[in-house]
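The following questions and answers guide a first-year student through one protein model. Please keep the sequence and the structure in view while reading.

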Amino acid sequence: METNPTHSFITLGEAMTMFVAKTPGQLADIEEFHRSLAGAEVNVAIGMARLGFEASYISKVGQDSFGQFIRQAISKENIRTDWISDSANHATGFMLKSNVTDGSDPKVEYFRKNSAASTLSPADIDKALFKTGTHLHLTGVAAAVSVPMRDAAKHALTLAKEQGCSVSFDTNLRPSLWPDQATMVATINEFAFASDIVLPGIEEGKILAGSDQPEVIADFYLQQGVKTVIVKLGSKGAYFKTSQGDSGTVAGFPVAKVVDTVGAGDSFAVGVISALLDGKTMQQAARRGNLLGSLTVQVRGDSEGLPTRATLNKLEQES
């Protein structure tokens, strides 16, 4: 695939082997699963690579078959694996996901405690990567996995800012990974305040900014120096506001049948980041985010619905 070397995309997080139930029902009763790749940040890296951006992924895996599978799966997506290190003493995390048919959120069970990725630390970050980077994307998941990974993410953010890279942050709350809500809110907002682009969901805004009003949520972050805030409104689309005073609501794309909601926020991030790196307006970026989110909820799997550049061009022309 032809890449765009003028825009180098970097992200950091935990990739896991995901087993998705082939049939609906309780996970305890399922006998057959489909194996695939999962992880909020790796989903975004996949989307960016499919659109032709040079994508690099920083992570850690165990010296086991799951780790080998993850390396191979990421490599097949034309994502650079140079910054995926090995842990000799920790296993690669994995997860189980139920199969739902009514459009509700599937049940997900994680097996990630003390995983190889949870040992990722600032020492695993190569400063040289950021000298050629254009954009760094972080999420609240990486901030929640472990203290070492949180420190690694903070270090990556510092390096990115020092080298003039733009930074986006998807708040992506995972309450079960935090010791308490106060710690979660304080830490997530620390990352958000240091970023250029913040992507909270409307429900997350209630927790992080104390409001379910999109403009109030946006202003909460803009007042802390953030340049752009795009609030995800689910099927209703997205609201954006910038430090320059540009704002608006962009309607979502109608979906006939929701198959799987997981990964929609990651796809939205792909749409926004890729559009901004393409030089599009905020309105166009939010619209592309909505489009990619709508594609993802129509298929089973976190990243299976993400398009190639040719498919995206066709879809944007048609719509």
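Q: Over the face of which residue does Arg112 lie?
A: In this predicted model, the distance is taken from Arg112 to a ring centre, and it comes to 4.9 Å. A charge counts as sitting over a ring only if it is within 6 Å of the ring centre. The ring in question belongs to Tyr110.

Q: How far from the ring centre of Phe69 is the charged end of Arg35?
A: The charged end of Arg35 sits over the ring of Phe69. Phe69 is also among the members of a core of 40 residues. The distance from the charged end of Arg35 to the ring centre is 4.0 Å.

Q: What kind of aromatic pair do Phe94 and Phe111 form?
A: A pair of aromatic rings is described by the distance of the centres and the angle of the planes. For Phe94 and Phe111, the centres are 4.7 Å apart and the planes differ by 5°. Planes under 30 degrees apart count as stacked, so the pair of Phe94 and Phe111 is stacked.

Q: Which strands does the pair of Phe94 and Phe111 link?
A: The two residues are 17 apart and belong to distant parts of the chain. Phe94 lies in the strand of residues 94–97, and Phe111 in the strand of residues 108–111. These strands are β7 and β8.

Q: Is Phe111 buried, partly exposed or exposed?
A: The relative accessible area of Phe111 is 39%. Buried requires under 20% and exposed over 50%, with partly exposed in between. Phe111 therefore counts as partly exposed.

Q: Which residues form one aromatic cluster with Phe94 and Phe111?
A: The structure holds eight aromatic pairs, and Phe94 and Phe111 form one of them. The cluster that includes Phe94 and Phe111 also contains Phe19 and Phe66.

Q: Which residue of the pair Phe220 and Tyr221 is buried?
A: The two rings form an edge-to-face pair, 4.9 Å centre to centre and with 85° between the planes. Phe220 has 25% relative accessibility and counts as partly exposed. With a relative accessible area of 0%, the buried residue is Tyr221.

Q: How many residues are in the largest nonpolar core?
A: Tyr221 is one of the residues with the most contacts inside this core, as are Leu12 and Ile188. Helix α5, residues 147–162, gives the most to the core, with seven residues. The whole core has 47 residues.

Q: Which residue joins its side chain to that of Lys60 in a polar contact?
A: Lys60 is found in strand β4, residues 53–62. Its relative accessibility is 12%, and it counts as buried because the limit is under 20%. Among the residues that Lys60 touches are Ile84, Ser87 and Leu120. The polar contact, of 3.4 Å, joins Lys60 to Asp124.

Q: What separates the C-alpha atoms of Ser56 and Arg80 in space?
A: Ser56 is also found in strand β4, and it is buried, with a relative accessible area of 1%. Its contacts beyond four places in sequence include Phe9, Arg80 and Leu129. Ser56 and Arg80 are 24 residues apart along the chain, yet their C-alpha atoms are separated by 4.7 Å.

Q: How many residues of strand β13 are buried?
A: Ala238, Phe240 and Thr242 point one way from β13, whereas Tyr239 and Lys241 point the other way. The residues on both sides are buried. The count for β13, residues 238–242, is five of five.

Q: How many bridges join strand β12 to β13?
A: Strand β12, residues 228–232, runs antiparallel to β13, and Thr228 stands opposite Thr242. In the hairpin of these strands, Gly234 takes a positive phi near 70°. The number of bridges between β12 and β13 is five.

Q: Which residue in β14 is the bridge partner of Phe240?
A: β13 and strand β14, residues 247–250, pair in the antiparallel sense over four bridges. Their hairpin has four residues between the strands, and Gly245 in the turn has a positive phi of about 95°. The partner of Phe240 is Gly248.

Q: How far apart in space are Leu277 and Phe53, C-alpha to C-alpha?
A: Leu277 is found in helix α9, residues 264–277, and is buried, with a relative accessible area of 13%. Leu277 touches Phe53, although the two are 224 residues apart in sequence. Their C-alpha separation is 9.5 Å.

Key
Residues are numbered from 1 along each chain as its sequence is written. This is a predicted model: local features need pLDDT of at least 70, side-chain atom pairs count only at pLDDT 80 or more; totals for chains, interfaces and linings use all residues. Side-chain values use heavy atoms; hydrogens and water are left out. A nonpolar core is a set of buried Ala, Val, Leu, Ile, Met, Phe, Trp, Tyr and Cys residues joined through side-chain atoms within 4.5 Å. Buried means under 20% relative accessible area, exposed over 50%, partly exposed in between (1.4 Å probe, protein chains only). Rings of Phe, Tyr and Trp (its six-membered ring) pair if their centres lie within 6.5 Å; planes under 30 degrees apart count as stacked, over 60 as edge-to-face and the rest as tilted. A charge sits over a ring if NZ of Lys or CZ of Arg is within 6 Å of the ring centre and within 35 degrees of the ring normal. A polar contact is a pair of N or O atoms within 3.5 Å; within protein, one must be able to donate a hydrogen and the other to accept it, and residues adjacent in sequence count only if both atoms are side-chain atoms. Contact means heavy atoms within 4.5 Å. Two strands pair if DSSP finds at least two bridges between them.
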